[in-house]
Amino acid sequence: MKKVDLLKIIGGTENLYSTQSIYCNNVGVESTDLYTKGKFFSSNQLISQLYLSNYENCFKMGPIVSTAEFMDNGANVLALMDSEYKEILKDAIFLPKPRKIKTTLQDALINRRSSRTYSGKPISLQDFSDFLYYSRGAVKNETVNLGGKKVSKQKYTAPSGGGMYATKFFLVVYNVKEINPGIYIYQPASHSLLFYMPVVALDKFVITKRYDSKTGDYVPIENFSPSVFICCINDFAQQRHKYGELSLAVSYVDCGCLLQNCGLIASALELDFCVWAGFKKREGEKQLKIDGLNSHIIMTAMLGVGV
């Protein structure tokens with residue numbers, strides 16, 4: 001492939017955007033009024049701008065108002081929540097009891113970093129158990145009032161809009177001791193893994209090559225062999241019952257909270273972790289056999305042993 005020296009959209013050069021890209025040599029990308037004002041997508045705004053500009057309308061059109069009576073029923077809420085009542089325990093792999101983490105929050109925050117290089121060494125089963133429990137796990141059980149009825153409900157390490165917990169971890173396990181390679185769903189209430197399907201190569205989910213400016217070719221990213229690849233899957237069909245159009249914003253906040261937990265616990269366990277935005281959304285959803293309509297890959301991440 002020929003080396004790209006400049007990305008330039010045909011038209012005026014009123015706007016100059018700085019970028020760091022593995023696909024071209026330039027750090028400055030000339031763009032046009034046509035692009036920056038979003039005219040490729042709408043009359044005057046980008047799709048994301050339209051969403052934010054019309055944010056107040058979410059309260060007028062969504063189930064926040066129209067399904068208040070439905071959501072006031074505890075049984076209905078439990079049916080929507082990602083709770084212990086929906087987990088499949090038959091044939092599940094129950095993970096070891098998590099250890100108490102001695103690292104202070106201050107140290108975990110200071111030492112947290114994004115690492116893109118991995119040694120390829122396996123993660124211990126105990127470390128994997130600790131990582132999942134403290135990032136997404138159910139840490140205690142409480143009695144809560146739902147629709148005037150008291151029910152037992154698990155409490156988790158991360159918040160979720162309306163307690164829907166519509167974001168799940170699909171884990172592509174490549175190299176974890178005592179766990180066969182494969183794709184698993186983490187079940188937080190029972191702290192277990194549910195086998196989902198056989199393992200899929202990493203390049204089916206993410207871009208695994210970078211542009212080499214010296215040769216003009218695309219070459220494999222060095223030491224790009226995480227032990228676990230994490231897909232954050234959000235179920236919009238579940239979340240929009242309560243939040244309607246607000247579900248988009250809520251799902252991103254939910255995912256961010258979970259991934260921040262992941263980064264901190266990885267830091268405490270001295271594992272390398274990185275949130276990875278360079279994922280192939282449609283291809284990844286195809287591999288995971290999710291529809292890309294009601295369920296979406298929101299973000300991905302990688303976990304492994306450092307070099």
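# Exercises on a predicted model

The chain has eleven helices and 13 strands. The model is predicted. Buried residues account for 43% of its 307 residues. Of the contacts between residues at least 6 apart in sequence, 67% join residues at least 24 apart.

## Exercise 1. Two aromatic pairs

Task: Classify the ring pair Y184 and F195 as stacked, tilted or edge-to-face, and place both residues in the fold.

Solution.

Step 1. Count the pairs. The whole structure holds eight aromatic pairs.

Step 2. Take the geometry. The ring centres of Y184 and F195 are 5.6 Å apart, with the planes at 75 degrees. Planes over 60 degrees apart count as edge-to-face. The Y184–F195 pair is therefore edge-to-face.

Step 3. Place the residues. Y184 belongs to strand 7 (residues 182–187) and F195 to strand 8 (residues 192–197), so the pair ties together parts that are eleven residues apart in sequence.

Step 4. Check burial. Y184 has a relative accessible area of 3%, so Y184 is buried. F195 has 45% and is partly exposed.

Task: Now do the same for F224 and W276.

Solution.

Step 1. The ring centres of F224 and W276 lie 4.9 Å apart and the planes meet at 50 degrees, so this pair is tilted.

Step 2. F224 sits in the loop between strand 10 (217–220) and strand 11 (228–235). W276 is in strand 12 (residues 272–276). The pair links distant parts of the chain, 52 residues apart.

Step 3. F224 is buried at 12% relative accessibility. W276 is buried, with a relative accessible area of 12%.

## Exercise 2. A charge and a ring

Task: Over which ring does the charged end of R136 sit?

Solution.

Step 1. Find the ring. The charged end of R136 sits over the ring of Y156.

Step 2. Give the distance. The charged end of R136 is 5.4 Å from the centre of the Y156 ring.

Step 3. Place both ends. R136 is among the helix 8 residues that meet helix 10. Strand 5 spans 149–156, and Y156 carries the ring under the charge.

## Exercise 3. Helix 8 against helix 10

Task: Describe how helix 8 and helix 10 pack: what are the angle and the distance between their axes?

Solution.

Step 1. Recall the description. Two packed helices are described by the angle between their axes and the distance between the axes.

Step 2. Read the values. Helix 8 (residues 125–136) and helix 10 (residues 247–268) pack at about 140 degrees, and their axes are 8 Å apart.

Step 3. Assign the class. Angles over 145 degrees count as roughly antiparallel. Helix 8 and helix 10 are therefore oblique to each other.

Step 4. Add the hand. The crossing of helix 8 and helix 10 is right-handed.

Step 5. List the interface. Helix 8 brings D130, F131, Y134, S135 and R136. Helix 10 answers with L258, N261, C262, I265 and A266.

Step 6. Look at S135. S135 lies in helix 8. S135 is buried, at 0% relative accessible area. Beyond four places in sequence, S135 touches T157, A158, F169, L258, N261, C262 and I265.

Step 7. Look at N261. N261 is in helix 10. N261 is buried, with a relative accessible area of 17%. Outside its neighbours within four places, N261 contacts Y134, S135, T157 and A158. The C-alpha atoms of S135 and N261 are 4.7 Å apart, although the two residues are 126 residues apart along the chain.

Step 8. Compare with G256. G256 is also in helix 10, and at 37% relative accessibility G256 is partly exposed. Its C-alpha atom is 9.7 Å from that of A158, 98 residues away along the chain.

## Exercise 4. Positive phi outside glycine

Task: Y165 and E270 both call for a check of phi. What is phi at Y165, and what is phi at E270? Is each residue buried or exposed?

Solution.

Step 1. Y165 is not a glycine, yet its phi is positive, about 45 degrees.

Step 2. Y165 is in the loop between strand 5 (149–156) and strand 6 (167–173). Y165 has a relative accessible area of 14%, so Y165 is buried.

Step 3. E270 is not a glycine either, and its phi is positive at about 60 degrees.

Step 4. E270 lies in the loop between helix 10 and strand 12. At 72% relative accessibility, E270 is exposed.

Key
Residues are numbered from 1 along each chain as its sequence is written. This is a predicted model: local features need pLDDT of at least 70, side-chain atom pairs count only at pLDDT 80 or more; totals for chains, interfaces and linings use all residues. Side-chain values use heavy atoms; hydrogens and water are left out. Rings of Phe, Tyr and Trp (its six-membered ring) pair if their centres lie within 6.5 Å; planes under 30 degrees apart count as stacked, over 60 as edge-to-face and the rest as tilted. Helices (H or I, at least four residues) and strands (E, at least two) are DSSP runs, numbered from the N terminus. Buried means under 20% relative accessible area, exposed over 50%, partly exposed in between (1.4 Å probe, protein chains only). A charge sits over a ring if NZ of Lys or CZ of Arg is within 6 Å of the ring centre and within 35 degrees of the ring normal. Axes are lines fitted to C-alpha atoms, for helices over the stretch in contact, and angles run from 0 to 180 degrees between N-to-C directions. Angles under 35 degrees count as roughly parallel, over 145 as roughly antiparallel, 65 to 115 as roughly perpendicular and the rest as oblique. A crossing is left-handed if the near helix is turned anticlockwise from the far one by less than a right angle, and right-handed if clockwise. Contact means heavy atoms within 4.5 Å.
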